[in-house]
Amino acid sequence: MNICKRAYLYISRKLGKTLILFLILLAISTLVLTGLSIREASDTAALNLRQSLGGIFIMKPALIPDNMKKLEDITTNDEKGSGKMESYVYDGDPLNDDVIKEVMNTNGIDDYSARNQMFPDLKTLNGQGLKVIGGSEIFKNNPEYDHSVMAEAQAGTQGITLFRNDVLKMLEGSKSVEDKLHGALISKELADLNGLKIGDEIVLAIGPKSYDPNLKKGSLKLKVTGIFAQVKQQENAMKWSPAYRLENRIFINSKLMEDFTMKHWNAAGYDRVYFRVNDPAKMKEIMKKLKNNNNINWKYYSIEPGDGDYQKVASSLKNMDSLLTTLIGIIIVIGMAILTLILTMWMKSRIHETGILLSIGISKKKIVLQHIVEIVIVAVFAFGVSFFSSQMIAQGIGNKIVQQTNSQMEVSGTKDNNQNEIPTGDPDDFEPTFSAPKITELKIQVSPSNLLLVYSFGTLIAVFAVGISSIPVLRLKPKEIMSKMS
């Protein structure tokens, strides 16, 4: 009688043990296949999320001493007395369109947004100050901030970033000001507060301030061409001065801004440029490649990662992947231990059978091979059924993991919104912050490749478990086995 026939007859005769073995292998393979499927789905979701969020790095003029030109000292006069404050201006190569074009030639960069900002007062045509949305408490009693807004101009391949990222949406008019030299986009809150509508004219005025007393007076006459609203809530809205609230941001034409800043500050080029990469996971690689571009004089420029949205979720995505990998490992180890323990116990109960097989001339090697064939036959059916059982439970477990991951992102994405915190002066401190984006769902499907993986490694584990459990029998001599039978 050959090995396969003996194996089949044994598992047919011992239905109770076969059923127990089937259920153990089914449980192990179902859990492992579920874990593999969820991890595969989470990897796909992570890639989709990275690509939808994109990632940015920021290029700025390098404000180091060698690139700065000293201006006339600023005379200050406050409650502490009068004094002088040193004043400097950037005097290096401008961050202009030629530099941007060179950066955009780098593989992996698919978009940019070049930005200039200034902080004028918002006024009517006759010079009367208009109202703005209030900021932090520490600025409420300072008249210099009563009419202060942020004027921003963006030049890029796809328009204003905050609209493209669904932070802002247009309610009236067009969201483009690049085709309207004196056009302006204002928020609904600012429009309602001052009774402004499409077609109304406003003035952005600059002049001496306590922090810049030598600033010459100047103004821009603009026409309201669009009104926008916030889609996402700005978490740090009450942290700084009114000008840093999105409600007080006014978007104007980039050419108009360039001419105005050149005239009043002698400042050419852009304040900073945001470059978007299509996969934030490759951010460091792309930045390293860019830094090796000798066509750009890096003495005058600096770059730094600014993939804030992706970083908010990256750690949670990594935690999810790590958790699934750990769980799969634990399931395999525990499953193999249980399987080995049960097979070892059963092997001791098969001493009589082993002795008989040895007495009719069947070698130990063939006996162990029979045991392997037995478990492989059961495993083939168990692993096949696990394809369907894992389908039933994988989606539910995946949804639970998504909920847990999103709750972790809410905690990690929470920022300190202390309204009395004093700005450090770094422009990045004033950037709008928003709640972390979330993984909405995992579409989990058990793939044939994962099933094949379970079949391959599951069979190896089963064979290994049989080998370990057979050691006590293999170590016995035929005479010792025969004595144990008696």
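This passage walks through the nonpolar cores, a surface patch, a set of paired strands and the salt bridges of a predicted model.

The largest nonpolar core holds 28 residues, and those touching the most other members are Leu-21, Leu-25, Leu-339, Leu-343 and Ile-375. Five helices each supply at least two residues of this core: α1 (3–13), α2 (15–53), α8 (308–348), α10 (364–412) and α11 (448–475). Helix α2 gives the largest share, with eight residues. Leu-21 offers a handy place to start looking: beyond its neighbours within four places in sequence, Leu-21 is in contact with Leu-339, Leu-343, Trp-346, Ile-375 and Val-378. Separate from this core is a second one of 25 residues, which includes Ala-151, Leu-215, Leu-256 and Met-257.

Nonpolar side chains also turn up at the surface. Leu-323, Leu-327, Ile-330, Ile-334 and Ile-338 make a nonpolar surface patch of about 420 Å². Of these, Ile-334 lies in helix α8 and counts as partly exposed because its relative accessibility is 45%.

Turning to the strands, β11 (residues 201–206) is mostly covered, with five of its six residues buried. Strand β11 runs antiparallel to β7 (residues 121–123), and three bridges join the two; here Lys-123 has Val-203 of β11 as its bridge partner. Strand β11 also pairs with β12 (residues 218–230), again in the antiparallel sense, over six bridges. In that pairing, Leu-204 stands opposite Leu-220 of β12.

Nine salt bridges are counted in the model. One of them brings together the side chains of Lys-60 and Glu-304, at 3.4 Å from N to O. This pair links distant parts of the chain, 244 residues apart, with Lys-60 in strand β1 (residues 55–61) and Glu-304 in strand β15 (residues 301–305). Lys-60 counts as buried, at 15% relative accessibility, whereas Glu-304 is partly exposed, at 26%.

In another salt bridge, Glu-152 and Arg-249 meet at 2.9 Å, N to O. Glu-152 belongs to strand β8 (residues 150–156) and Arg-249 to strand β13 (residues 249–252), so this pair ties together parts that are 97 residues apart in sequence. Glu-152 is buried, with a relative accessibility of 2%, and Arg-249 is buried with a relative accessible area of 2%.

A more local example joins Asp-192 and Lys-188, whose side chains meet at 2.7 Å, N to O, and which sit four residues apart in helix α5 (residues 188–194), about one turn of the helix. Asp-192 counts as exposed because its relative accessibility is 52%, while Lys-188, at 38%, is partly exposed.

Notes:
Residues are numbered from 1 along each chain as its sequence is written. This is a predicted model: local features need pLDDT of at least 70, side-chain atom pairs count only at pLDDT 80 or more; totals for chains, interfaces and linings use all residues. Side-chain values use heavy atoms; hydrogens and water are left out. A nonpolar core is a set of buried Ala, Val, Leu, Ile, Met, Phe, Trp, Tyr and Cys residues joined through side-chain atoms within 4.5 Å. Buried means under 20% relative accessible area, exposed over 50%, partly exposed in between (1.4 Å probe, protein chains only). Contact means heavy atoms within 4.5 Å. Patches are made of residues with over 30% relative accessible area and no salt bridge: like charges are joined within 9 Å, nonpolar side chains (Val, Leu, Ile, Met, Phe, Trp, Tyr) within 5 Å. Accessible areas come from the Shrake-Rupley method with a 1.4 Å probe; for residues, only the protein chains shown count as cover. A salt bridge is a side-chain nitrogen of Lys or Arg within 4 Å of a carboxyl oxygen of Asp or Glu. Two strands pair if DSSP finds at least two bridges between them.
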